[in-house]
Amino acid sequence: MKSLCILLFFTVSLFGKENVLVKITEDVPYLYVNHMGQKIKVARIQDTNNILSDDYTKTSRACPPFCIHPTKINDEIQTIAEVEVTNFLKDKVPTQKGIVIDARLKSWYELETIPSAINIPYILIQEADKNMAQKIFSLLGMKVQKSGKWNFDTAKELVVFCNGVWCEQSHHFIEGMLKFGYPAKKILYYRSGFQGWKLLGLTTVVQKENKK
Amino acid sequence: MFKKKPSIEHEYMQYNSDDVIGEHAPKTSFLSTIIRLLTILILLGILIIGGVFGYRYLQDDRSVKVVDTKPEPTPTPIVKVTKEQKMYTQDEMQAIMQMMMQNLEKQPKVESTKTTVEENTQSKEAEDLLIASLENMEADFMEDIHLATEINETDSTKEITQSSSDKPVDNYNKVVVDKTTSPYDKVDALSLEIGRLVKEMEDKKSTKKSTYTQSITKEVRTRKDAMRIIIVKKGDTLSKIAKRAYGSALAYDRLYSENPDLAKNPNRIYVGQRLRIPLAENK
């Protein structure tokens, strides 16, 4: 029994030793999130010679509509970058205080997305009436008071992204949200978007249709 | 230990005789059973560890060089020196100076290049010789870079095998998730609920789409159809190609959809063959 314990100890110490070469930030080597009931490790590609070769390496798309967008959507919406997004994934998402929103069309979302992101295509809010907006907002934690007023105190913080700096899908989404009164303070715009995410070799999720 | 030696021999004899093993078994001391157990465990452990490392080694097989559509940079051919080439612009001079500085750091290399250069351009004037040597240095310098990257590659794979304790992160870093119909947590439920709303909306307004929406749906389609073409090299197998393309040697069947000839006879690949590699997940 003793020998077994020693052996176990050695194997554990051999494999348990972890040395992440490419960390996310200096303090965060990787993190875990849930995506559709699956625990997913969000890390960067560890091969230091890796270069993007297939997806998101395209340099040119016709502008309009694929034009380069300014840093800020408007004065109220805060623009964030990858470190803020990963911190958000680490702190806000597990406690259900915040959600990462993929504002792209469903087909984009299913092709590949950021782990833990949920898909609210911009057209949903863009073409919504007040009734629909109320439905969406209440899903996002907004409460309707007895007087019929909307109370956003418990509404979730949202990180909104689309394909990147040349993509205006999050613009349409955020504009739609603001039109119906979602507090601008609770919306964060991840401008580099999915291309920025891919560029850093961060983990993505692909959805596979269950064929039965 | 030593005193027991005759008894062990005796046991050995008993073992080889026609005696029943059961009779012999209780005579072994407690210590020896422990030692036997230990050796068995250690052997087992070595076997397991060896198996794991062997498997990883096979998985991270790096001996295959990646074939890309990009042609490999070839070292620049030795330029024959003519008198017109004496005129250098300021930028060119600067570049040559930089290369010279870098080559100075690698003294042995420089010497070898100089000797080859001398052989090539013996009949030329001394001034031409210097220029020629500088130009030849460029070629060698490029080779040096190639060597450096190769060394880096081998280094980095070592680091990967060392660091991967969880699931190894491959060069695509994609996790395939099954679509669920039953919500796992609140966020999941929210996602499903919104999915339902989206579907409702799509059913309502299937014909009416803004121009922007139309153009981006087109973009999705081009991405789905996106493909890369690789050229088969000597020593390639389908599984090696699949490993390069998708990070898994078992994904070779994904190549079949775009290469119908392969589906008929997977063994028929030849050097120089162009294979179409679909990028997006097949649905």
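Me: What joins strand β4 (residues 98-102) of chain A to β8(A)?

Reply: In this predicted model, five bridges join β4(A) to β8(A), and the two strands run parallel. Two strands pair if DSSP finds at least two bridges between them, so the five bridges here qualify β4(A) and β8(A) as a pair. One of the partnerships sets A:Asp102 against A:Phe161 in β8(A). Residues are numbered from 1 along each chain as its sequence is written, and chains are lettered from A and ligands numbered from 1 in the order in which they are written. Local features need pLDDT of at least 70 and side-chain atom pairs 80 or more, whereas totals for chains, interfaces and linings use all residues.

Me: How do you know that β8(A) and strand β9 (residues 187-190) of chain A pair?

Reply: Four bridges in the parallel sense connect β8(A) with β9(A), which satisfies the requirement for a pair. Among the partners, A:Val160 stands opposite A:Tyr189, and A:Leu158 is bridged to A:Ile187.

Me: Why is one side of β3 (78-80) and β5 (118-119) of chain A without a neighbour in the sheet?

Reply: The open sheet of chain A has five strands in the order β3-β9-β8-β4-β5, with parallel pairing. β3(A) and β5(A) stand at its edges with a single partner strand each, so one side of each lacks a neighbour in the sheet.

Me: What makes strand β8 (residues 157-161) of chain A mostly covered?

Reply: Four of the five residues of β8(A) are buried, a term that requires 20 or more other C-beta atoms within 10 Å of the residue's own (exposed: 12 or fewer; partly exposed: in between; C-beta atoms placed from the backbone).

Me: Why do the buried residues of α5(A) line one face of the helix?

Reply: Helix α5 (residues 130-139) of chain A has A:Ala133, A:Ile136 and A:Phe137 as its buried residues. Seen down the axis of α5(A), they fall within an arc of 100°, so they line one face; the arc is taken over directions from the helix axis to the C-beta atoms. Their cover includes α4 (122-126) and β7 (150-151) of chain A, together with α7 (186-204) of chain B. Such helices (H or I, at least four residues) and strands (E, at least two) are DSSP runs numbered from the N terminus.

Me: Which elements of chain B have the lowest and the highest mean pLDDT?

Reply: On pLDDT, the predictor's confidence in each residue from 0 to 100, helix α6 (residues 126-163) of chain B has the lowest mean (42) and helix α3 (residues 30-59) of chain B the highest (87). Chain B averages 65, and 50% of its residues score at least 70.

How values were computed
Contact = placed C-beta atoms within 7 Å.
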